[in-house]
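Got a few minutes to walk through this fold together? Have a look at the sequence and the structure, and then we'll go through some questions.

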Amino acid sequence: MRYNPGFLTEDQLVESFVVRREHLSLLIDAVRGNDGSSNQHVLIIGARGSGKTTLVRRLAAEIHRAPDLAEKWYPIVFGEESYEIFTAGEFWLAALFHLAGQTGDANLALTHKELLAEKDERRLRDRALAQLLDFADREKRRLALVVENLNMLLGEQMVEGADWDIRHTLMNESRLMLVGTATSMFDAIENDSQAWFGLFTIHELRPLNLEECGILWKSIVGENDVAAGYPMRPVEILTGGNPRLLGILAGFSQKRSFRNLLENLTELIDEHTDYFKSRLEYLPATERKVFATVLDIWDPTTAREVADESRMDINKASSMLKRLVERGAVMVVDTEGGRKYYQASERLFNVYHLMRRRGETSGRVFAAVRFIFGFYPEEEIEKILNTAIQECPEMLGEIIDALRLMLEITERQEQFAKEEEERYHQIGKHHSLGLNFLKTGQFEKAEFFFKKAMEFDPEKSSYSEVIGITLLEQKKYTEAIEVFENKITSSTNNEEAEQLLLHAILGFLRSTDDVSPALQAFHKSLNETDLGAIHWFCVNYLVMKTKPQKPEFWLSLISNYGETLIKNSTERLGLSATTLFFTYAAADGCSEEALKLILDTDKQKKFETLEVGLRIYLGESPRRAHEILEVGKDVAKRIQELTEKRAAMIAESASQS
């Protein structure tokens, strides 16, 4: 039902309507206020998928359900497309058709069938309109005509004179109210020489804000679904706050973890290829070419740039862009010096298009999406690190309990009685002793006996995690780090080991006041292994959480490690580590140096969004793709917040001294 809310039952529609409530209230007030000799007509404008159909059909449902409205009004809901309407007579005939269908009135249906044969346009108009008004008189109710895509109907389909004819009726007939929708403002309502100018009160459906995205998302995935806990800001950015696209993403993401959503996103794109392709293929060829060019450019673009890229005359390109704006496929996002800047309205559609392409632009969008999914779940990672850095006994206690159960499984106990009885006897003996000491908190002795059991174990990693825990409890952080690193590199399921490794590294760092040796020690692993991402994340986190650093400190780090860090940053932890590094460097006074290094080093545009954030923080106004610009604003906001926090810490320290 994502594409056709008209298929929903009235109960389903009411139940699923969780956003746009303010707009619904305004529409209801407009209907209630139309009680005089003439009516105020309403036009709802919004991009495709913004919820226009759902909103007007929800209004129709409310007219049925609210006693005071149902007593005075009857809604006639047209189909989402009205391709058959070209004249005023056909407009009223279509209204009669939908009225007959909604009421089930056989006489109205028969009259409609008879009028299909009427060749005289004036008689068709008068007779069809008379039937509608007779129904209104019999019911003692006014009629609310809900008509969609008025920009196409009034701006493209109507023959000359039909628009003025319909306007005259609506202006003078108190029994009729028009509630229309359109994908954008169009000439027929903006031009004061056109029939529809000044007729409507206009309500514009803006993209959903962050809170509304969360409400709609949870209504789709369910409060208890794993996807209900997703950070909403990436969803808001990728969908542009478009309810239809948000619904597609939410429906697809149910039962999936946020951690793998990037891979799921490419799968989503593949699953909905038919939908996305149809958005291109319904356009006439020349418009399609211009639209594809806008998608390819991705950043806000001018008519001149589109003309150059599509090898087209600028006047023709401008004309096609205007049509695309009226269709709602393209929107004007900025105006500067008389020039308009255009971009695609449906953001996920633009991402789809670029993900299917090869080349530099495709790599750029993948990099932006990766950055998005590395930047926003930082709170989730910080929560893990906060738990670890505080050396929370509950965390270790839960893991010890889980590992104890793992080591006591029946399968392993059964192995003790099989072949090589003596070897299994040794494993069992040392295993039992290790468990006993583990239970009583004698971690050094537990470590000794688990290591003994491991000597007889053909799977040398079987006891590694529990040995690592005993090392952690003894604050033997360096040895624990080695154990967990070996566990991660030798295992495919290493999430628990990664958390323990974080704990070990943080414990090691907390045991020394000087972080410089730690930075140097981890520099080698940064070059050689993906574990460098974990190291760097921990180092960054600890350094940044302690106290503000002088610019000289960051300049030294940027000079010695910055280029390597950018080049070796992969996957979520690596991207997060690098982002943290440069945001804190910027907050401590090295924003220009950070930006310069990124510009010099990041040739693959992995950190274009971070670059844009630094530019915004420095007072620039970069014009980039919506997704990159929105995340960049959040990066700049985060740097500003860090700057203020660091300044407060310095001031507090100065006052104490």
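## Helix packing and salt bridges

In this predicted model, helix α12 and helix α19 (residues 347-355) pack with their axes 6 Å apart, at an angle of about 80°.

Q: Are α12 and α19 roughly parallel or roughly perpendicular to each other?
A: Their axes cross at about 80°. Angles from 65 to 115 degrees count as roughly perpendicular. So α12 and α19 are roughly perpendicular.

Q: Which residues of α19 make the contact with α12?
A: On the α12 side, the contact comes from Ile237, Leu238 and Thr239. Facing them on α19 are Arg347, Leu348 and Val351.

Q: Which residue meets Arg233 in a salt bridge?
A: Arg233 sits in helix α12 (residues 232-239), and its partner is in helix α34 (residues 626-656), so the pair ties together parts 401 residues apart in sequence. The N to O distance is 2.5 Å. The partner is Asp634.

Q: Is Asp634 buried or exposed?
A: Buried means under 20% relative accessible area. Arg233 passes that at 14%. Asp634, at 18%, also counts as buried.

Q: How many of the residues of α13 are buried?
A: Helix α13 covers residues 243-253 and is mostly covered. Its buried residues include Leu245, Leu246, Ile248, Leu249 and Phe252. Arg244 is on that list too. The count is 10 of its 11 residues.

Q: Which residue has a side-chain oxygen reaching the backbone nitrogen of Arg244?
A: Look at the start of α13 for this one. The oxygen comes to within 3.0 Å of that nitrogen. The residue is Asn242.

Q: How far apart in sequence are Asp299 and Arg364?
A: Their side chains meet in a salt bridge, 2.8 Å from N to O. Asp299 is in the loop between α16 (285-297) and α17 (303-310), while Arg364 is in helix α20 (residues 360-375). Both Asp299 and Arg364 are buried. In sequence, the two are 65 residues apart.

Q: Which residues are linked with Asp299 and Arg364 in a network of salt bridges?
A: One link in the network is the salt bridge between Arg615 and Glu620, whose closest N and O atoms are 2.8 Å apart. Arg615 is buried at 17% relative accessibility, whereas Glu620 is partly exposed at 35%. Along with Asp299 and Arg364, the network links Lys605, Glu608, Glu611, Arg615, Glu620 and Arg624.

Q: Which residue joins its side chain to Arg624 in a polar contact of 3.0 Å?
A: Arg624 lies in the loop between α33 (608-617) and α34, and it counts as buried at 16% relative accessibility. Leaving aside neighbours within four places in sequence, its contacts include Asp299, Pro300, Val612 and Leu629. The polar contact itself is with Glu608.

Q: How many salt bridges does the count come to?
A: The rule takes a side-chain nitrogen of Lys or Arg within 4 Å of a carboxyl oxygen of Asp or Glu. The Asp634 and Arg233 pair fits, at 2.5 Å. The count comes to 33 salt bridges.

Q: How far apart in space are Arg141 and Lys72, C-alpha to C-alpha?
A: Arg141 lies in the loop between α7 (121-139) and β3 (142-147), and at 19% relative accessibility it counts as buried. Beyond its neighbours within four places in sequence, Arg141 is in contact with several residues, among them Glu71, Lys72, Trp73 and Tyr74. Arg141 and Lys72 are 69 residues apart in sequence, yet their C-alpha atoms are separated by 4.5 Å.

Q: Are α6 and α7 roughly parallel or roughly antiparallel to each other?
A: Helix α6 (residues 106-115) packs on α7 with the axes 11 Å apart and an angle of about 170°. The contact uses Leu108, Thr111, Glu114 and Leu115 of α6, with Leu124 and Phe135 among the α7 residues. Angles over 145 degrees count as roughly antiparallel. Therefore α6 and α7 are roughly antiparallel.

Q: What percentage of the residues of the protein count as buried?
A: The whole protein has 34 helices and seven strands. Its accessible surface comes to about 30,600 Å², and 47% of that belongs to carbon and sulfur atoms. Of the 657 residues, the share that counts as buried is 54%.

Technical notes: Residues numbered from 1 in each chain as written. Predicted model: local features only at pLDDT ≥ 70, side-chain atom pairs only at ≥ 80, totals over all residues. Heavy atoms only, no water. Helix = DSSP H or I, 4+ residues; strand = E, 2+ residues; numbered from the N terminus. Buried < 20%, exposed > 50% of the residue type's maximum accessible area, 1.4 Å probe, protein only. Polar contact = N/O pair within 3.5 Å; in protein donor to acceptor, adjacent residues only side chain to side chain. Contact = heavy atoms within 4.5 Å. Areas by Shrake-Rupley, 256 points an atom, 1.4 Å probe, with all protein chains shown as cover. Axes fitted to C-alpha atoms, helices over the stretch in contact; angles between N-to-C directions. Parallel < 35°, antiparallel > 145°, perpendicular 65-115°, else oblique.
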